[in-house]
Each structure stands twice: as C-alpha cells, then as structure tokens.
Amino acid sequence: MRTLNLGILAHVDAGKTTLTERLLYAAGVIDEIGSVDDGSTQTDSLALERQRGITIKSAVVSFVIDDVTVNLIDTPGHPDFIAEVERVLNVLDGAVLVVSAVEGVQAQTRVLMRTLQRLRIPTLIFVNKIDRGGAQDEAVLQGISERLTPAIIPMGSARDLGTRRGDFTSYGAANSAFAAHLADVLAEHDEALLAAYVDDQRSIRYPQLRGELAVQTKQALVHPVFFGSAMTGAGVESLMAGIAELLPAAEGDADGPASGSVFKVDRGPSGERIAYVRMFSGTVSTRDRLDNNRKVTAIRVFNRDSAVECRSISARQIGQLWGLGDIQIGDVIGTSPKLSDQRHHFARPTLETVVVPRHTVDRGALRVALDQLAEQDPLINVRQDDTRQEISVSLYGEVQKEVIQATLANDFGLDVSFHETTTIYIERPIGSGDAVEVLQAETHPFSATIGLRIEPAAPGSGVQFRLDVDPRLTPMHIYKTRDRFVEAMSQHTCRTLQEGLFGWHVTDCAVTMNECGYYASDGPTKPVSATRRTTAADFRKLTPLVLMLALERARTQVCEPIVRVEIEIPADTVGAVLAATSRLGGVVETPSLRRSLSVIEALLPAARAQDLRRQLPGLTGGEGVVETSFGGYEPVRGAPPTRRRTMTNPLNRDTYLERVARRPTNELRETGH
Ligand SMILES: Nc1nc2c(ncn2[C@@H]2O[C@H](COP(=O)(O)OP(=O)(O)OP(=O)(O)O)[C@@H](O)[C@H]2O)c(=O)[nH]1
Ligand SMILES: [Mg+2]
C-alpha cells in the first residue's frame, strides 16, 4: 500500500472543503455528503467554521484510492489564515490546486501556485464549479497558462458548462490531438522525447507519453488540469484517478532513524496537547522517549477513514501523538528531516492590535488564553508591554481578528475588544556593523567572548546565522556538538533581533559570529574559579549586548509592508480609480484590458489598501473588484515610526546589566544543553 500526503489549496471559496467532502464520499468513507452551507462537512468541524462557512484551520482526513492511502489536508483559502497553509507545505507529497471555473485565477491562487512551484511540490489543477452559471473552460485555461504556469496539460474536455448537467470526459489514447499536445509539452523537458518527436511524431506511442506524463508531473515540471464540480460530483472520478496515477507516493524508510515534523497542535477534550506529525523516516512507538524527554503516551495514525489508535507510527505516515508536553508547531521529532531551507514561505503578518479585556480582572486569564492560541498559531506573536499593561497580537487581517475575538468568547469565556489595528514595520540594516565583547573585560560581567558582524541580505531572506570561528574555540563542554551551539546562538540572535533600533523586528540580514571565547577546565583558558566557569547563560545574556552594538553601527532603515493590488473595473471608471489610487500613495502600472474590463495593477502601502477597498464601490458604481497580495517591504518616507520595546534594551547597558545579568537562567526555552 502506498501513502500520499496531499494538500488541497485555493483562493477562498473555490470549493476545497466541498471537494474534500465529495472525495470522501466517492471513496466510500461517508454515506452522505455534508455541505459547507449547512455546516455539516467533515473538515470544517469547528463551530466557528460552520457558522461562517469558511475554513479557519487545516484539517486532515484519510481515504483510499486503489492501492493508495491518501491523507488529505484541507486548508483555508482566506489570506488571513495563510499561516495554516504554510505549516502544512513541508509535509506534502503533492497538491491539488482548485480554481473556480466562474472566477478563474484569483490573487491567492497565484500566491499559492508560486509557492508550490518554488517548493517543487507536484500539483494537479482542478477547475471547479463547472455547474455554476458563468462557468468557462477556454478562458480559465488561458488564465491559468498566462497567470499561473504555461506547463499545463488539460486532461479532458468539459461540456454543458453552467448547468447541473455539466460534465467532464477524459481524453484517451484515441484522441490524437491530446497525444500531440502531450508530446509537445513533455518534449520540452525530455531530450530523448524531443529527438524522437522531431524525427517522427507518430513514432511515440501513447503509453510511453502517459508514463512520461506521470514522471514529469511527479517532478512538478508539468501540471495536468481537470474540470468538474465538487457540488454535483462531475469530473471527480477522473481527478481521483489522476491523483493515484500522477502524484508521487511518500518515500522514507520505516527502519531508518526516527525523523518527523510537527505541523499542527491541537487540544483534546481534557485540555491535553495533541501533536500532528508527519514522519519522514523511522518509527516512533508509544512509550518512546523523545528529545524533549517526554514519553509518547498514545498514537493515532490516519488510515482509510479516520485516525486509528496504533502502537506506532512510521515513515510516510501522518498521525497524532499524545504526551509530548510543551511540543510546538515546527518542532522536530528525532533527527531533523530535510525540509525546505526556508521556513517561511509567505509574508509575515503585517498588522497588530492591542487586545483589551472588558473586565480588568481578566487580564491574567487573557494572557493565558492568548498563549494557548499561540500554541496553535505561533505567528500571532503575543507581546506584553508591562509598563502600559497591554497585550498585543500580530494579525493578517480583520477576519482573523474577529475569529480571535469569537474564540476568546466561546472557548475561554473572555469578552474582549481591540484598539485600532496598526501596521507592523520592519527594520533592515543599512550597512554592516561589527562588535565584540571580550572575556575578562571590565565592561561586562559575563564569562564569554562574543564577536558578531551583522550585514544586509536579500529582501525576504530573513535572518541567517553563521559561525565563523575555529572549531576548537566552540564551547563543546556546554553544547556537546557544534550544531547545537549554532542552533543556540541562532536562537539568541533571532530573539534579540525581534526589537531593533526603532523597536521593530530586524530582518533580511546575515549575522556572523567571528569571535568566541570561554572559561572551561578543558578549554583554551583555565577557569579562574568555579563561579566563573562559562555556562550557556553567559552566551545567551551577552549576545544581545554585542548584537545591538553591531546593529547600531550598521544602522537600520524602517520599512513598511506593500501590497500588490489588482483592480478590475469598467473602462469608463479608469480615470477616477487611477486618481484615487495615486492619492493613496499607489505606484500604478499601465492599465490593461481583460475581456471587457480594465485592469489596473498597483503597489500600495498595506495600510492604504483598506481605504481603497472602501472607496472602490463609490468610484465604480459597485462594479469594481480589488484583489490584493503581499508585495514586499519598502523604506518609509519621512520620520521613521517607532514602537515601544517590550524587552530590556541592551543598548542601555546599565539597565540591561541590572535587569538581565542577575535574572535566573532558566527563563528561556533553549536547546543545546
Ligand atoms: N455551484 C457550485 N458551488 C460550489 C461548488 N463547490 C463549492 N461550492 C460552493 O462554494 C462555496 C464555498 O465552498 P467551500 O467548499 O467552503 O470553499 P473553500 O474553498 O473550502 O472555502 P475556504 O475554505 O473558506 O477557503 C459554498 O457555498 C459551496 O457550496 C461547485 O462545484 N459548484
Ligand atoms: Mg474550506
């Protein structure tokens, strides 16, 4: 039996959850099809999802096609919940990207496809809703090829579009035009096929083409396209056959070293943490002790139709693990699996807001509740400003804010309101800066030498940490391995850079540790006394001092988030919309025509996008449609905005030493010792 861990991704409302339901039905897992509109589907199981008719959290279901166990992860399409998509990307063997036959390619579809391609995740495209009025086939195919990827292969033809009778018929060996198109597209990536094709097109046999189609789809080089309706079931059998034939089964050796990744954390009925794990290699059994010294108390593996209680979980499988204490999303089980180098595939949240409990006495309970929500969604990044007694969270948008409010009310009995939503800026270093603090110097009380250089790196690259010191100078007596030292120093670096010179997160930079020293009986310097022996805390507490000094020398630039907007409007309103977009600070590209409508693309400060949305109906007689996607960061003009710090500022040396040097050492979750 093969296993396929399959993600289902799309723009909001394209029909992912409905399609999931239809697949479960067609595979015989459920006898009756639930509906999103009635709140009765398998994967939209949260009360809030059922009320609102949108998916908020990713959910796993399982079914069998032929000899393949498919673990399907239904993801949310609303951009406010993009973090849910991000967390599952690393555990997928393949994906189905759903496109609506009525709306065509939408903003989020492009964002998702770009990421799937970057990660080389084999992807089939399903054009859904062919039963709905306004459904199109050729125009959608053209949109896909122009705006997603030209490497597509329509796998059949749709008929009776826009009616309940709408259906899909797969092309077969007898269809010579299909064979010719296959040969055409596939030859692009296969020299032998190209040579044979040029030589004599008819010499290539259909089974060979079909085999090559599977090979190239599994390498994410081409993307087969199916049409159908999740609502009526049209085309779903063909899609299922395509999933089994064209997407690659999971790989991994069940007898190898244990290696897995936690992509979701949930709470059980009695508040216990449940970790959703994808195993890449090896086997974990109940009663095994994992790295964090916790014992696995129970395991459920997704298999056929539900998560079944099992003694162990092995390579390739997805399951739930109990008993792992404070396990978090992104944690690794056993040895680190080879995941994509980049942890973050999408933009960070660009908004934040202060959460205010209606009753002041609830402040403590609110912090506990938000910390619990952050277990399931670390990107909300709960910050506490002790001076102002304020708690704030990071957000992608207003819908997420409403969901947080409703969750706090329903699950925790907390009535909260919010301050106005504000923009989260970032800081980028302008030049490079060096700093060093030397062991035994009078300037600091820590038993360590640290030298750091910070320099700018490519936009979007995040924070990279590198160790550039003689291996003999790394404190092995504390960290055991060089990798663990790097991991710990990288954590201290990232933590320090959460608040830069203006209080914003510092990113897109490379930090190099180029000097290192410590006391140890077996190290380069003999300990002066037992109390001066170097510990992990010395490195942790000294890093912020050195790094902030280096950052001050590098200087930073505050940048604001930008969104790319695409506005579809009637041609006679172009002038008014262009003027309004410019007034909001937008940089407009030349308008183009799509069917009978004009399309304006522009880059706009994220903070202004909401204003544009508000103005558009008035400017276009209600006809305008605006879609936004993240467009990077640009330096702010004028005086840089600042944010109040929540951590002790290491640039203020006296306060820092006063507060931090004497604090107990166990306050941080830390690896490496
Ligand atoms: N006519 C028609 N309607 C559909 C079809 N698929 C889904 N819908 C409807 O489209 C709406 C959205 O469907 P969902 O399945 O919730 O879409 P989704 O992609 O899961 O949405 P999010 O998870 O919130 O992003 C619902 O009202 C569905 O009934 C289809 O094939 N035909
Ligand atoms: Mg959904």
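In this predicted model, the magnesium ion (ligand 2) is coordinated by T17 through OG1 and by T55 through OG1, at 1.9 to 2.0 Å. These two residues bring together distant parts of the chain, since T17 belongs to helix α1 (residues 16-26) whereas T55 sits in the loop between α2 (47-52) and β2 (59-65), 38 residues apart. The points below begin with that site and then turn to the cores, the strands, and selected helices and residues.

**Magnesium site**
- T17 has a relative accessible area of 6% and is therefore classed as buried, the cut-off being under 20%.
- T55, the other coordinating residue, has a relative accessibility of 8% and likewise counts as buried.

**Nonpolar cores**
- The largest nonpolar core has 90 residues, of which L19, V70, I144, I153 and I243 touch the most other members, and its largest share, 7 residues, is contributed by helix α6 (residues 176-187).
- Leaving aside residues up to four places away in sequence, I243 touches L4, L6, I65, V70, V96 and L124.
- A second core, separate from the largest one, holds 36 residues, among them L497, C516, A536 and M548.

**Strand β1 and its parallel partners**
- Of the 9 residues of strand β1 (residues 2-10), 8 are buried, so the strand is largely enclosed by the rest of the structure.
- Strand β1 runs parallel to strand β3 (residues 68-74), to which 7 bridges join it, and within this pairing L6 stands opposite L72.
- Strand β1 also runs parallel to strand β4 (residues 94-100), here with 5 bridges, and I8 stands opposite V96 of β4.
- L6 and V96, which appear in these pairings, are both among the residues that I243 touches.

**The open antiparallel sheet**
- Six strands form an open sheet in the order β14-β13-β16-β11-β10-β17, and their pairing is antiparallel.
- The edges are occupied by β14 (306-310) and β17 (332-334), each of which has a single partner strand, so that one side of each is left without a neighbour in the sheet.
- From one strand to the next, the twist of this sheet averages 35°.
- Inside the order, strand β11 (residues 273-281) and strand β16 (residues 318-322) run antiparallel and are joined by 5 bridges, with L321 in β16 as the bridge partner of A275.
- Helix α10 (residues 363-376) packs on the sheet, where it touches β10 (259-267) and β11, and its direction makes about 145° with that of β10.

**Helix α17**
- The buried residues of helix α17 (residues 653-660) are Y656, L657 and V660, and because they cover an arc of only 95° around the axis, they lie on the same side of α17.
- On the other side of α17, D654 and E658 are exposed, while the cover over the buried residues includes α14 (536-554).

**S417 and its surroundings**
- S417 lies in strand β21 (residues 416-418), and its relative accessible area of 24% makes it partly exposed.
- Not counting residues up to four places away in sequence, S417 touches V354, V355, V356, R358 and Q405.
- The C-alpha atoms of S417 and I54 are 23 Å apart in space, and the two residues are 363 residues apart in sequence.

Notes
Residues numbered from 1 in each chain as written. Chains lettered and ligands numbered in written order. Predicted model: local features only at pLDDT ≥ 70, side-chain atom pairs only at ≥ 80, totals over all residues. Heavy atoms only, no water. Core = buried A, V, L, I, M, F, W, Y, C linked by side-chain atoms within 4.5 Å. Buried < 20%, exposed > 50% of the residue type's maximum accessible area, 1.4 Å probe, protein only. Helix = DSSP H or I, 4+ residues; strand = E, 2+ residues; numbered from the N terminus. Contact = heavy atoms within 4.5 Å. Donors = N, O, S within 2.8 Å, 3.2 Å for Na, K, Ca; no water. Pairing = 2+ DSSP bridges. Axes fitted to C-alpha atoms, helices over the stretch in contact; angles between N-to-C directions. Arc of directions from axis to C-beta.
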